[in-house]
4 protein chains.
Amino acid sequence: MAVRAAVAGASGYAGGEILRLLLAHPEVEIGALTGNSNAGERLGALQPHLPPLADRVLEPTTTEVLAGHDVVFLALPHGHSAAVAEALGDGVLVVDCGADFRLRDAAQWTRWYGTPHAGTWPYGLPELPGAREALRTTRRIAVPGCYPTAVTLALFPAFAAGLAEPEAVVVAASGTSGAGKAAKPHLLGSEVMGSMSPYGVGGAHRHTPEIAQNLAAVAGEKVTVSFTPTLAPMPRGILATCTARARAGVTADTLRESYAKALADEPFVHLLPEGQWPATGAVAGSNNALLQVALDEDAGRIVVVSAVDNLTKGTAGGALQSMNIALGLPEELGLPTTGVAP
Amino acid sequence: MAVRAAVAGASGYAGGEILRLLLAHPEVEIGALTGNSNAGERLGALQPHLPPLADRVLEPTTTEVLAGHDVVFLALPHGHSAAVAEALGDGVLVVDCGADFRLRDAAQWTRWYGTPHAGTWPYGLPELPGAREALRTTRRIAVPGCYPTAVTLALFPAFAAGLAEPEAVVVAASGTSGAGKAAKPHLLGSEVMGSMSPYGVGGAHRHTPEIAQNLAAVAGEKVTVSFTPTLAPMPRGILATCTARARAGVTADTLRESYAKALADEPFVHLLPEGQWPATGAVAGSNNALLQVALDEDAGRIVVVSAVDNLTKGTAGGALQSMNIALGLPEELGLPTTGVAP
Amino acid sequence: MAVRAAVAGASGYAGGEILRLLLAHPEVEIGALTGNSNAGERLGALQPHLPPLADRVLEPTTTEVLAGHDVVFLALPHGHSAAVAEALGDGVLVVDCGADFRLRDAAQWTRWYGTPHAGTWPYGLPELPGAREALRTTRRIAVPGCYPTAVTLALFPAFAAGLAEPEAVVVAASGTSGAGKAAKPHLLGSEVMGSMSPYGVGGAHRHTPEIAQNLAAVAGEKVTVSFTPTLAPMPRGILATCTARARAGVTADTLRESYAKALADEPFVHLLPEGQWPATGAVAGSNNALLQVALDEDAGRIVVVSAVDNLTKGTAGGALQSMNIALGLPEELGLPTTGVAP
Amino acid sequence: MAVRAAVAGASGYAGGEILRLLLAHPEVEIGALTGNSNAGERLGALQPHLPPLADRVLEPTTTEVLAGHDVVFLALPHGHSAAVAEALGDGVLVVDCGADFRLRDAAQWTRWYGTPHAGTWPYGLPELPGAREALRTTRRIAVPGCYPTAVTLALFPAFAAGLAEPEAVVVAASGTSGAGKAAKPHLLGSEVMGSMSPYGVGGAHRHTPEIAQNLAAVAGEKVTVSFTPTLAPMPRGILATCTARARAGVTADTLRESYAKALADEPFVHLLPEGQWPATGAVAGSNNALLQVALDEDAGRIVVVSAVDNLTKGTAGGALQSMNIALGLPEELGLPTTGVAP
């Protein structure tokens, strides 16, 4: 019997990617699709890459429309999820791609988002220690941010194994879809093609406390995170270059072995063979994360580079992977294990 | 019982795309993978977007290696298919992505390729009148070139309905993967990014006689084709702008109706609603072709624009679609109906 | 003594390019810079590539601000130039980058722009027969559109020499800066990178009558023009593929000789050696147009491909070249003769 | 009287950029152009963006050809400069864009390049303390690497002012032209468009010791450098994100003031106003470096981001700037102070 899924926010990039993946999921039937400013429009005009849904018409994002589904995906600006979830009730699996329920520390939430803390839901990054257990029994999932997905997958094995001092320096390049579909001058093709630029520099990006929270959880101590996101001239993908000071005695071999062991059973996270480095082009459209590690002995730092597709593993794919777990389905069901390359 | 498929030329772009699609095909089991200069290498180093096949090792392209499969895909330079097919025998379905068996006119073949004509195989463009019938009973398929796929799908309804004078003027923009994976200076990223350039101008591209052959077959008369291919700064996709002089009495309505009727039952070819134009970004990674038509009354010309992914519908997807027909499977089985966008 | 120049519309792409070129012009001193919604802002925030003007502040576009200059460049939406020019008086050289004074036929103007015809000014394409004479004595210049520049340069020698039947079929690919700096969803980097798409298909683009007017003037008869513009994933550049039916007796040699002769003395328009084709990457930032010609004997058509930078030769460079003529300066003074490549 | 300049290695990207800048330099006359595999070819076929030199023919790189010039630019693979310079004699200004004479420590040279140390020449980064003095009297210039230019300009004010602990963590994104014009599969447009990837990870890139040498010189103590270069989908530009642990007492204000003071008189290095961040698109084709600084108080780190054009300020522009100083010309003469954007 099919799982009926609704998508709130179906006109944006995250919503479109959720739909692309749901269409390929053998156990899901796509129900209501909602938008706000786009309610009443054909999906074909908004998401022309999804011909099977071209004649679907967006409905307004209301409880009435979203009710009656087994799963509801929320791809909304932050601040809206709590009310929707409460109205839908406990029987529905709510998968929130927004930030509202990611941070555990209420003070941190308020510092970064300026509103009262709504709470915390089980975190949709199954690869983190303990995450699968929490997802198995929940009706509420907080899908991680795209940067936190890339960075946490890159660094958690090092911190879990005690290989790194608790200070990470991360620079990540993201494709422009991470900035959303709202038309802003600095996101015009003319501006971004042929150009790299940073933003949220100096610890100003809201994904910073989420990354710090994840790393602290595995390290068992506070981890400072210097995080600089940059906008790259490509539509999709995150390349995260993550470094941390190596603890005494760490060797290239122990580093590599720790990662191999931590990731051995992961279906979507792949430690590449020595000498091969991840490229975002290889993960486009897939739920994979590709990783490589190095020990810089001169600088005394561990360097880990990860590549994910910000919309797939970084958002919609992570959401469906977590949904599969919460629904008792095979974790990999319906998720793309290959990238579209070149 | 699964169909066992081998791929000869698995290290190139066409081979990689065939593998990507075969991995998602529910009835196919992937057998031998061959390469020439790359024999002995791990596929993971050559096609890093295909982790499920990362540990496969390429074998040399020999009859021994290719024997014992139900289907053999050939993604080889032209001139090699005849010998391979003969050695494999009549029981094996041979799907040739090269040019060897596309042209019917031996003199044309020799003019354009400089070698004796090897023959003609059923043409793997199911949408052409009569094509499905021929594919259903064959063990040999000549997959169309990527440009001929885009142009023929755009113009065949007009010629089949007698709406156009027999002279087509076509300008098509292709992503760089159409030029293959061999490293050549003019294909470097530094050269192609931010730059459009033509090639094979003045009727010099080998896909020209193939396009003319297809259009003549539906028009029932010789059709001259002015074809200019251009290289666009994108990895995938063909946008073909196709025009032909409108016959007397053709109106915008009759034009549109002819296309709507000709394409009504096609699973992968979509005439867009009025006012919406195809973009290659919307078909990336999909087996779809998106079309739009217009009548330019001032110039007296029909204008049809089509968008396909050169590697999917233009090569590997068209190949699997034809394979499905030849094997008696549902034509759409396992083929991507959605693009990866943005 | 320096020429003082003002730029109205200094915050957009055309305005920015005019400023870039004026900064390198040895006889020009940059005076007032105006904007509308951006009045009061630092230019450094709007045009960060122009550090020498970073601390200039935009003023409102008023007659008071623009008065007192020798030259005023107008980079405004159409419909505003007539009033500004009248207010400035006959002593000022007004160089209009908008469409208002390009079309000679009042009925055509009204058909395409929906407003009464304002008149016609000398046309800023010096390479056209007779254009330099008209420019030498004028205080008013209508700078051509970017597509008409690329297409007219490509086809005028053929029509002037009577080599072509009066029907042209043109497909041109433009970089996204041609669509301006206003933020629109379909111009987002996420949408345009990796994607080609057409617009204004079927003869609906406003540059069509301008192209037809130019070609008719040199052909001495009406020329029908089928023109399809496409948006390419690059910030700058136009590649125009232009074809016309060859008149009887035209050979590849006569074609080539006609072009060589017509362009022999042109400082900025270069017929490439046989075998070399133009690429937009080679003209980026330069005032050059690169051309190549071919005769397609099978199709009976002349094919000419031209590459220009839409913002330089296609707008700002053409404007300064025409300004130089009108001011009695050397035509090439201060204009970039080299592209920025790769 | 004009300075006569020869360029050895005129067919590559560095050579092409040197020629582009020399063509715009009012005091330079371009003499011999040499290549190796390309000797005998027209420059127009190799550097189509330089029409004024299109008919020049490349000569072989020999002492005879290079003799008789006032300045000789070397854009050769490392290992060739010493012999050429010796043969040319002390009267000629030799400007070496290769690595041979950059490193002072012979052991470091041998560790990274595997050959005996050839010596050290005055370093062509005029902005470094003491550099202009050394350049004024030299006939030998070692032009810095592109990454060291971007990173040193970003970090030297912090280390010179004693604001940072001696450990830098740098991640830099480079356009593909930094990898040169030799055709390699991983540099194909199909591979690099839409994809970011790292290389030389873990301290393996040869620019690392050069960066460390520069920073140590201003810091007065050894500085460890964790440097990760990444390849970005753009032809030109470097965006360097540079961080270092802030020393006690450093505030955002002292940080900003130190940079403002250190860069106040620099003609090409611009500290942007607060709130504005550098983008490589804004420096394309210019000799500018754009910088912004931030203090991340949570992480305790200084973050400086710089944008340069790897071929201009990062190679050819830096070379001409240093040449100007060595020849006693105005330092800014003939150098582009504006970028080509968008």
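Me: How many residues do chain B and chain C each bring to their contact?
Reply: In this predicted model, the contact takes 44 residues from chain B and 44 residues from chain C.

Me: And what area is buried between them?
Reply: About 3200 Å² is buried between chain B and chain C, and carbon and sulfur atoms give 65% of that area.

Me: How many salt bridges cross the interface of chain B and chain C?
Reply: The rule finds 6 salt bridges there. One of them joins the side chains of R111(B) and D298(C), with an N to O distance of 2.7 Å. Between chain B and chain C, 8 residue pairs are in polar contact.

Me: Which elements of chain B touch chain C?
Reply: Those giving two or more residues include the helices α5 (106–113) and α8 (189–192), along with strands such as β7 (164–174) and β12 (289–296). The most comes from β9(B), which gives 6 residues.

Me: What kinds of residues are on that side of chain B?
Reply: They divide into 22 nonpolar, 14 polar and 8 charged residues.

Me: Changing topic to chain A: which residues of helix α4 are buried?
Reply: In α4(A), residues 81–88, the buried ones are S81(A), V84(A), A85(A) and L88(A).

Me: Why are they on the same side of the helix?
Reply: They are on the same side of α4(A) because they cover an arc of only 95° around the axis. On the other side, A83(A) and E86(A) are exposed.

Me: What covers the buried residues?
Reply: The cover includes α3 (63–66), β4 (71–74), β5 (93–96) and β6 (140–142) of chain A.

Me: What phi does G89(A) take, just after α4(A)?
Reply: G89(A) takes a positive phi of about 90°.

Notes. Residues are numbered from 1 along each chain as its sequence is written. Chains are lettered from A and ligands numbered from 1 in the order in which they are written. This is a predicted model: local features need pLDDT of at least 70, side-chain atom pairs count only at pLDDT 80 or more; totals for chains, interfaces and linings use all residues. Side-chain values use heavy atoms; hydrogens and water are left out. Contact means heavy atoms within 4.5 Å. Buried area is the accessible area (1.4 Å probe) that two parts lose on being put together, summed over both. A salt bridge is a side-chain nitrogen of Lys or Arg within 4 Å of a carboxyl oxygen of Asp or Glu. A polar contact is a pair of N or O atoms within 3.5 Å; within protein, one must be able to donate a hydrogen and the other to accept it, and residues adjacent in sequence count only if both atoms are side-chain atoms. Helices (H or I, at least four residues) and strands (E, at least two) are DSSP runs, numbered from the N terminus. Ala, Val, Leu, Ile, Met, Phe, Trp, Tyr, Cys and Pro count as nonpolar, Asp, Glu, Lys and Arg as charged, and the others, Gly among them, as polar. Buried means under 20% relative accessible area, exposed over 50%, partly exposed in between (1.4 Å probe, protein chains only). The arc is that of the directions from the helix axis to the C-beta atoms.
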